[in-house]
Amino acid sequence: MLRGPIHLRHVLLWLLFAQTHADLPMCTESDYHFEYTECDALGSRWRVAVPNKADICTGLPDPVKGTQCSFSCSEGEFLNMQLQECQKCAVGTYSLGTSVAFDEWDTLPPGFVNHAVTTSIGDAPADCSNSTWTPKGDYITSNTDECTATLSYAVSLKKPGTVSFEYFYPDDNIYFEFFIQNDQCQSTDSKSRWMKTSESNFNKYRVELSSGNNVLYWRTTAYTLEGSAVKPVLLKNIAISGVAFTSECFHCKPGTHSATQGSARCTPCPAETYSNKGASVCHQCEQDTYAEAGSGSCKPRPACTNRDYFYTHTPCDSEGKTQLMYKWIEPKICSETLEEAVKLPVSGEKQTCPPCNPGFFVTNSSACEPCDTGFYSNGKACTKCPVGTEPVVGFEYKWWNTMPSNMKSDILRREFGNSGQSTAWELAGEYVYTTPGVQDTDYLILTLDVPGYRLPQSMLKDTERSELSRITFVFETTCTADCRFYFLAGFNRWSNDEVEHWKGSNSKQSYSYLIQSNSTISFTWTFQRTEEHNTERKYSADAAKIFSIHITNVIGGVASECRRCALSSAEASSACVPCPLGHYMVNGTGVCESCPLNTFIRADQPVGEAACVKCGPNTQRNKAHTACLSDCALEVQTREGALLHYNFSPLSNVTGFHSSPRFTSKGLRYFHRFNLGLCGTEGRVPATCVENVTESGREVKGYVCQSTVVPSDVRSQSTVSTQPFVIGDTLIGVTTDTALGSISFPKWLFPPAPVLPDVIFYYKSSETTQACKQGRSGAIRLRCDPSVTEKDLITLPSNCSEGTCDGCTFHFLWQSQHACPLCTTNNYREIVSACIQGIQKTTYVWQQPLQCYGGESLPAQNVSACVSLDFWLKFGVSMGTIAAVLLICISCYFWKKTRKLQYKYSKLIISSGTNECELPTADSCAIMEGEDAEDDLLDLTKKSFFTKMRSFSRERTSDGFDSVPLKSSSLHHKMEEEDSDDAYFQG
């Protein structure tokens, strides 16, 4: 029952749809365009009509069979989709055939995607909405902040093709990469993404593309770490080949034209002409107006001023004269007919030619020619070097009458590439100077190229010698705007690195650069008046002057002097040879003398006793006599006279650490990374800092170096390292003193050491800069801390968070247990335990606070047998008892002897006779022979104990004397006593 209503509903919807389309007009050719479907397995496709907008017309053409997928059009042609055949482009237009080109950047061309993201890792990401690529007419510029700006374009190729573009990449503070993703989302190898820096011209880049889908990416990230302005990357003339066809021709941009049909490209209009967009001819500018080459309009000519001309000198004539010539800056844009205009000064004033440069001589035609090998000159005539001498070879330019053959000057206008002006630096006799450019933003470039370097025969050819060559120049800048003067060095003018730059006006000064590699053979001086673009010349009077350039040990160079050298033998024809190791040549004699002990030879001055440089404290010279080293061992005597032994070998390996994080205005976090190689002998691995932003991958090596590190995933790696430089490449000395030579280590930089003095390593760099004219230096303070188990606890001064307070001298505090002296027997003591059960233990412990590490180890616990206190107590009591018994026995013995003497005395009294007051004369006080027996008889007579006691009590008289009876009376008395005793017991 529901089928009827449903069918009726479908009918009503179909009628409504038909009525709606019936109300739409029929489509015209302007309402739709043709496209091809995807190719099938047989290489065929269909042409279909696609409306430009939905629901605006009806009656689109039916699909028809299209051309084969391999079909393509040639240059200067386009595919007419209506006819499906190739036709030539009309005048004023062009076509690349199987290519597409983008050379107009008034707006972002269709198909390009522009976006930016933040590189900040913090909680508050930066706003990067305005940090994208910006169209500037003839080119598109990158961002100059810490955001990552990406420009992308997707293209589908029917066959393998190429992509090419031109870029200007002047600043290595920006990371610039180009890579491609295919239809499997596989990207270009990261190593091939890096773009080379180009300080002086637009570089051209070309890479192959595979058929299928390709997405092109141009990506930039700036690192404005020091607050200086960053130059953006400029991109122009992007061309992609490999497309099957183009369905339309492109109009020539203003300033260009195509006069014939089927043009593959448009021709720029010459100077003094202009053209509009899609022009077939260029139009001449009216009077009192001018136009530069490739201009889309004419400008009024300003009145000529003193800034519109320059002066130069003609080559010397046969009379040795040169003419002072004045010339208008080309192309000439000023007008001499205006009332306030100045006239060109009269040329032709003759002046005396300056002499030739050292090593050259004046020919008959007053030209300067180089002297032959083995000759030298002061700029006039060549003289052969005397026997026993050798020429000092190099180039020294201090007179500027003609431009040297190995020097070239040109102008780079970054908006259009090379300028029409041919000369950027002009000769002025005593100096060479920058001429006024067409625009104030022009780069005025002077380049010097040399073939390479070779040390003289009298100098050692060892690998440790660092001074291969040296370039020194004297310059001056006069500016009213924010001008910049750059000095660059590298392999060639297109692949070089900035060495130093100066801003604003600078008084006449000298700068010297040490050349350490034979790959550094090109030097560039670049002057830019301002980075602010102006249509008029406002700062043409701003100029840079170079007075002299001197470079040493150049292959094919000339000699300005000859110096004595040591000879291989005493023969007159013998060749120069270097002095033996550890020897210097006496001035003007060619005789080699030995340097004092523990000294090394200066690389830049092997002549004279001053060439011998004494090694610093606690360092030893190397085998080549070119530097002083430390074997990481040290002995220090304290104030108390104790000798401390140090061994820093565990700290000798290269150690790296970061400073505390710092942030830019956009919130980009970055660090200063320091790499330290404390000590070591020959063959040690130096500390290395690298720059991985650009393709050059520049690296520096020494004892201490620094680079700026930014955590980033821009290049699919954890960090980006830039701005590397050496802090110290020479070890000056190792000591506990807080100053050594010109380097001082103030005590207030770090808290004082608690007990032991700190050991300080002093380093210096031979590389000078504008800010550090004496070179950079560094000091590492090693502090003993046995509680620190990590070997790389390194800190920077709290008052100078970047490690330096003046930008030239860097200070570090390295706390470690390996910075302590080696332990000795004086660093521990013994503890002896009590004797327990006949066992006594001796334990050894460290003296506190412990101020040593390694060296002598603690002896093991010692266990020994002993005698306890109980034994000695028992032994003492026993011995005391024996002594007491013995004393009693001795006392009894002497008491008995005393009794015998008393007896003798009593006997003597009895036998004295009637005289009471006279004693008989004793023949002897000794006991006579036979008396002992009698006495013994008396004493051995047995008596009871009580009888003896009573007799003893009766023997002492009232006067206190003992009564001693005579023998007879004593016997009688004895008998009475016995009778009394018997009666007593019977009773």
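**Which hand, left or right, has the link of cysteine 304 and cysteine 334, given its angle about the S-S bond?**

Before you start: this is a predicted model, where local features need pLDDT of at least 70, side-chain atom pairs count only at pLDDT 80 or more, and totals for chains, interfaces and linings use all residues. Residues are numbered from 1 along each chain as its sequence is written, and side-chain values use heavy atoms, with hydrogens and water left out.

**Exercise 1.** Work out the hand of the 304–334 link and place its two ends.

Step 1. Check the bond. The sulfur atoms of cysteine 304 and cysteine 334 are 2.0 Å apart, and they form a disulfide (a pair of cysteine sulfur atoms within 2.5 Å).

Step 2. Read the angle. It is 85° about the S-S bond, and the link is right-handed.

Step 3. Place the ends. Cysteine 304 lies in the loop between β23 (299-300) and β24 (309-313), and cysteine 334 in the loop between β25 (321-328) and β26 (349-352), so the pair ties together parts that are 30 residues apart in sequence. Strands (E, at least two residues) and helices (H or I, at least four) are DSSP runs, numbered from the N terminus.

Step 4. Check the cover. Cysteine 304 and cysteine 334 are both buried. Buried means under 20% relative accessible area, exposed over 50%, partly exposed in between (1.4 Å probe, protein chains only).

**Exercise 2.** Describe the disulfide of cysteine 89 and cysteine 249.

Step 1. The S to S distance is 1.9 Å.

Step 2. The torsion about the S-S bond is about -80°, so this disulfide is left-handed.

Step 3. Cysteine 89 sits in the loop between β5 (85-88) and β6 (93-94), and cysteine 249 in the loop between β16 (234-241) and β17 (250-251), so parts 160 residues apart in sequence are tied together.

Step 4. Cysteine 89 and cysteine 249 are buried.

**Exercise 3.** Compare the cover of cysteine 356 with that of cysteine 368.

Step 1. These two cysteines form a disulfide, with sulfur atoms 1.9 Å apart.

Step 2. Cysteine 356 has a relative accessible area of 2%, so it is buried.

Step 3. Cysteine 368 has 37%, so it is partly exposed.

**Exercise 4.** Find the state of cysteine 889.

Step 1. Look for a partner. Cysteine 889 is in no disulfide; the nearest cysteine sulfur, that of cysteine 892, is 6.5 Å away.

Step 2. Check the cover. Cysteine 889 has 45% relative accessibility, so it counts as partly exposed.

**Exercise 5.** State how many disulfides the structure holds.

Solution. The structure holds 22 disulfides.
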